[in-house]
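Colleague: Got a minute to walk me through this one? I'd like to get my bearings before I set anything up.

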Amino acid sequence: MKNNCSQRSAWIRVIIMVTLIAGLALLGCRPRVKDDRPLIVTSIHPYKLLIQEIVGDSIQVRSLIPPKASPHTWTAKPADMKSLDDAKLLVINGLGLETELTGAFEERSAKLIDVSKLLKLEDQAQVQADSTLAVETDHAHAGMNPHIWLSPQLMLRAVIMLSDELQTRFPSQAATIRANTSRMINDLAAVHRQITSERAAIAVPILITYHDSFHWFAKDYDVQIMGTVQSSPGQEPTARELTLLGAVIKTNKIKAIFVEPQMDKRSAKVLADEFGLALLELDPLGQSHGSARLIDLIWSNWERMKLSWNQEKPSVKP
Ligand SMILES: [Zn+2]
């Protein structure tokens with residue numbers, strides 16, 4: 001009987017092994033589907049969403065920096081550089097956001113679109129010498145906050161300008177690009193109107209964000225960023241900075257503090273515990289929100305901000 005049993009289990013093991021090997025062989029033999037569509041590579045995920053929506057499915061769009069990584073600290077591997085060479089077009093944010101990649105992009109300037117240059121943001125700042133455009137922290141290069149993709153107004157202008165560039169570079173897709181562009185202009189304008197109207201109903205919208213990622217969004221809607229946990233992205237706050245933030249939290253009766261999925265959450269947790277704050281999440285790059293379009297990403301962050309102003313009891317965790 002014992003012998004029968006061990007023979008049976010030996011057979012079962014053999015069957016499982018054969019099935020596994022056959023399965024693996026099948027997987028290995030499956031022909032890879034080659035994607036022959038022209039490739040556009042964007043530096044960060046939000047521009048992948050934006051460009052894909054403009055050009056439609058006939059063009060492949062990939063983000064170089066994965067949305068779970070911070071573009072401020074990410075470094076490229078050799079395979080990433082290959083995708084820069086494979087691409088017909090590169091779309092970057094500029095303003096020093098993609099610090100580690102500046103050289104690689106400059107070498108490929110013939111196929112490069114820098115969205116901040118398209119919007120002439122640096123020129124504008126120089127002409128106006130507008131101190132409100134500059135940031136107080138050492139976060140930005142060129143003295144300007146780089147997180148422009150979170151501003152519906154700037155992105156409305158960007159879509160119009162990108163659309164022209166894309167029609168020139170991909171003339172066979174021009175009709176699709178024009179149709180998508182006009183829909184996106186309407187969508188961005190609608191989101192802008194909606195946020196403006198909801199904002200008007202909030203007396204004093206104040207926030208403490210994890211790093212200074214919502215500068216342009218806050219400027220669009222007169223939201224006051226009272227402080228940031230990290231004054232420079234990726235750099236943990238000092239004890240003195242935490243004390244100063246604590247004072248801001250108390251004075252302004254702040255009810256929630258934000259973390260970001262790309263950043264270490266420990267300092268925000270320390271503040272949340274000490275001051276009984278809700279710990280919420282903003283995601284400037286949109287990985288955790290599962291947004292299919294840039295406006296969904298912007299909208300989902302707005303929803304989270306509203307949640308922070310409606311906090312009765314600080315109990316929500318991301
Ligand atoms: Zn940032």
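Modeller: Sure, let's go through the overall make-up, a sheet, two helix pairs and a few loop residues.

Colleague: Start with the basics. How many helices and strands are there?

Modeller: Keep in mind that this is a predicted model. The protein has twelve helices and eight strands.

Colleague: And what share of the residues counts as buried?

Modeller: Of the 318 residues, 36% are in the buried class. As for contacts with a separation of 6 or more, 61% of them come from residues 24 or more positions apart.

Colleague: OK, the sheet. What's the strand order?

Modeller: The order is β2-β1-β3-β4, four strands in an open sheet with parallel pairing. At the edges sit β2 (60–63) and β4 (112–114), each paired on one side only. From one strand to the next, the twist averages 20 degrees.

Colleague: How many bridges join β1 to β2?

Modeller: Four bridges link β1, residues 39–42, to β2, and the two run parallel. If you want a spot to look at, V41 is opposite R62 in β2.

Colleague: Which strands does α2 touch?

Modeller: Helix α2 (residues 45–55) packs on the sheet and touches β1, β2 and β3 (89–92). Its direction makes about 170 degrees with that of β2.

Colleague: Switching to helix pairs. At what angle do α7 and α8 cross?

Modeller: Roughly 175 degrees, with the axes of α7 (residues 152–169) and α8 (residues 174–200) coming within 9 Å. An angle over 145 degrees counts as roughly antiparallel, so that is how α7 lies relative to α8.

Colleague: Which residues meet there?

Modeller: On the α7 side they include M155, L156, V159 and I160, and on the α8 side I177, M184, I185 and L188 are among them. By class, the contact has 13 nonpolar, five polar and one charged residues.

Colleague: What about α10 and α11, how do they pack?

Modeller: Helix α10 (residues 239–251) and helix α11 (residues 266–275) pack at about 45 degrees, with their axes 11 Å apart. That angle makes α10 oblique to α11. The crossing of α10 past α11 is right-handed.

Colleague: Who makes that contact?

Modeller: From α10 you have L242, L245, G246 and I249, and from α11 S267, V270, L271, E274 and F275. The class split for α10 with α11 is six nonpolar, two polar and one charged residues.

Colleague: I was looking at T238 too. Where is it, and is it buried or exposed?

Modeller: T238 sits in the loop between β6 (224–228) and α10. T238 counts as exposed because it has 10 C-beta neighbours inside 10 Å. The C-alpha atoms of T238 and S267 are 9.6 Å apart, although 29 residues separate the two along the chain.

Colleague: Last thing, backbone angles. What's the phi of L95?

Modeller: L95 has a positive phi of about 55 degrees, and it is not a glycine. Most residues other than glycine have a negative phi. L95 lies in the loop between β3 and α4 (102–107), and L95 counts as buried because it has 22 C-beta neighbours inside 10 Å.

Colleague: And what about D222?

Modeller: D222 has a positive phi of about 50 degrees, and D222 isn't a glycine either. You'll find D222 in the loop between α9 (215–221) and β6. D222 is exposed, since 11 other C-beta atoms lie within 10 Å.

Notes
Residues are numbered from 1 along each chain as its sequence is written. This is a predicted model: local features need pLDDT of at least 70, side-chain atom pairs count only at pLDDT 80 or more; totals for chains, interfaces and linings use all residues. Two strands pair if DSSP finds at least two bridges between them. Axes are lines fitted to C-alpha atoms, for helices over the stretch in contact, and angles run from 0 to 180 degrees between N-to-C directions. Two residues are in contact if their C-beta atoms, placed from the backbone, lie within 7 Å. A residue is buried if 20 or more other C-beta atoms lie within 10 Å of its own, exposed if 12 or fewer, and partly exposed in between; C-beta atoms are placed from the backbone. Angles under 35 degrees count as roughly parallel, over 145 as roughly antiparallel, 65 to 115 as roughly perpendicular and the rest as oblique. A crossing is left-handed if the near helix is turned anticlockwise from the far one by less than a right angle, and right-handed if clockwise. Ala, Val, Leu, Ile, Met, Phe, Trp, Tyr, Cys and Pro count as nonpolar, Asp, Glu, Lys and Arg as charged, and the others, Gly among them, as polar.
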